[in-house]
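Trainee: I would like to take a close look at a single part of this protein. Could you guide me through it in one connected account?

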Amino acid sequence: YRRPTITNLFGVGAISGQAIIYYVEGEKEGDFKTVGEGEEFSQIHYADATEHTDALSTIAGFIKESNDMITDLEFLKSDIDGRLLYDLSIVEEKQLLNGDGTGKNIKGLLNREGIQSYTATDAGNDVAVLHAQSMISTTGMMPDALVINPTDYEAIRLKKDNDGNFIGGGPFYGVNGGALTITPRLWGLDTVVTPAVDAGTAIVGSFKGAATFYRKGGVTVEATNSNDTDFISDLVTIRAKERV
């Protein structure tokens with residue numbers, strides 16, 4: 001199983017209603033300037049803000065287990081944590097990154113307006129990651145994380161210098177013989193290696209400062225033997241859901 005990682009990158013916010021209403025400002029017109037005594041000040045105008053609404057979406061599913069199986073509490077716990085809630089977290093991850101916003105889908109990060117893009121010359125181009133950092137920094141935000149596919153990260157880790165040494169450290173030692181780090185940070189960014197992002201695409205972002213993940217309440221797990229023919233079939237339906 002892959003380790004869910006995307007949700008933890010975002011800032012976290014609380015929500016009491018059914019949706020988040022926020023405003024996106026237009027372009028700024030004018031700016032501050034130095035003035036002499038008696039000179040006219042410079043007018044600054046922020047173009048009218050556009051109201052946006054993001055409604056909560058429910059991610060839900062269920063499994064069925066025999067009544068005999070759920071009497072084993074250790075099995076039941078592993079089934080809920082290791083299968084049901086794990087699968088829920090993976091779908092949550094996919095929605096946060098790639099949700100298209102149609103129907104009940106979340107509008108994911110990569111389908112938001114204003115996302116910058118840059119085409120690298122090759123899939124393992126670590127210089128392109130640094131350039132993406134600069135693109136974010138020039139907007140006034142500070143990039144804090146890189147999300148990269150395992151195959152692309154491997155291509156960067158396998159790069160060698162002119163003496164044949166791995167620039168990111170070999171399989172037993174880190175850079176210049178230092179301590180080995182399983183996933184060395186690339187250009188100082190928290191580096192998340194996951195198939196959640198497609199090969200050939202990496203995401204550099206100011207995740208904590210520029211994006212917020214909202215979950216109303218927690219993840220709910222409920223069980224019943226009254227669903228469908230569960231009672232006469234000696235089955236129990238266990239469902240899990242969250243609103244995000």
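Trainee: In which loop does aspartate 228 lie? Please also describe the surroundings of that part.

Mentor: Aspartate 228 belongs to the loop between β11 and α6, the latter spanning residues 230-233. Please keep in mind throughout that this is a predicted model. The backbone of aspartate 228 has a phi near 55°, which is a positive value in a residue other than glycine. As for its surface, aspartate 228 counts as exposed because its relative accessibility is 66%, and the cut-off for exposed is over 50%.

Continue along the chain to aspartate 234. This residue lies in the loop between α6 and β12. Aspartate 234 also has a positive phi, of about 60°, although it is not a glycine. Its relative accessible area is 36%, so aspartate 234 is classed as partly exposed. Thus α6 has aspartate 228 in the loop between β11 and α6, and aspartate 234 in the loop between α6 and β12.

The strands that these loops adjoin belong to a sheet. That sheet is open, has 3 strands in the order β6-β12-β11, and shows antiparallel pairing. Its edges are β6 (58-66) and β11 (216-224); each has a single partner strand, so one side of each is left without a neighbour in the sheet. On average, neighbouring strands of this sheet are turned by 15° against each other, direction ignored. Strands β11 and β12 (residues 235-243) run antiparallel and are joined by 6 bridges. Within this pairing, glutamate 222 stands opposite arginine 239 in β12. A helix covers part of the sheet: α2 packs on it and touches β6, β11 and β12, with a direction that makes about 155° with that of β6.

One residue of β6 leads back to the loop after α6. Glutamate 65 has its place in strand β6. With a relative accessibility of 9%, glutamate 65 counts as buried, because buried means under 20%. Leaving aside neighbours within four places in sequence, glutamate 65 is in contact with Ile70, Phe75, Asp79, Arg83, Asp234, Leu235, Val236 and Ile238. Aspartate 234, already described as partly exposed, is therefore one of the contacts of this buried glutamate.

Helix α2 also connects this region with the interior. The largest nonpolar core has 19 residues, and Ile6, Leu9, Phe10, Val147, Ile203 and Phe207 touch the most other members. Both α2 (73-98) and β7 (145-148) supply at least two residues of this core. Helix α2 gives the largest share, 3 residues. Phenylalanine 10 may serve as an example: apart from neighbours within four places in sequence, its contacts are Leu96, Leu109, Phe207, Lys208, Ala211 and Phe213. There is also a second, separate core of 10 residues, among them Val129, Ile136, Leu146 and Ile148.

Strand β7 takes us to another sheet. This is an open sheet of 3 strands, ordered β8-β7-β9, with mixed pairing. Strands β8 and β9 (202-205) are its edge strands, each pairing on one side only. The twist from one strand to the next averages 15°. Strands β7 and β9 run antiparallel and are joined by 4 bridges. Isoleucine 148, for instance, stands opposite alanine 202 in β9. Helix α4 packs on this sheet, touching β7 and β8, and its direction makes about 110° with that of β7.

Finally, the part may be set within the whole. The protein has 6 helices and 12 strands. Its radius of gyration is 24 Å, whereas a compact globule of 244 residues would have one near 18 Å. Along the principal axes, the C-alpha atoms fill a box of roughly 85 × 60 × 30 Å. Of the 244 residues, 32% are buried. Among contacts with a separation of 6 or more, 69% are between residues 24 or more positions apart. The protein exposes about 15800 Å², and carbon and sulfur atoms supply 53% of that area.

Definitions and conventions:
Residues are numbered from 1 along each chain as its sequence is written. This is a predicted model: local features need pLDDT of at least 70, side-chain atom pairs count only at pLDDT 80 or more; totals for chains, interfaces and linings use all residues. Side-chain values use heavy atoms; hydrogens and water are left out. A nonpolar core is a set of buried Ala, Val, Leu, Ile, Met, Phe, Trp, Tyr and Cys residues joined through side-chain atoms within 4.5 Å. Buried means under 20% relative accessible area, exposed over 50%, partly exposed in between (1.4 Å probe, protein chains only). Contact means heavy atoms within 4.5 Å. Two strands pair if DSSP finds at least two bridges between them. Axes are lines fitted to C-alpha atoms, for helices over the stretch in contact, and angles run from 0 to 180 degrees between N-to-C directions. The radius of gyration is taken over C-alpha atoms; the globule rule is 2.2 Å times the number of residues to the power 0.38. Accessible areas come from the Shrake-Rupley method with a 1.4 Å probe; for residues, only the protein chains shown count as cover.
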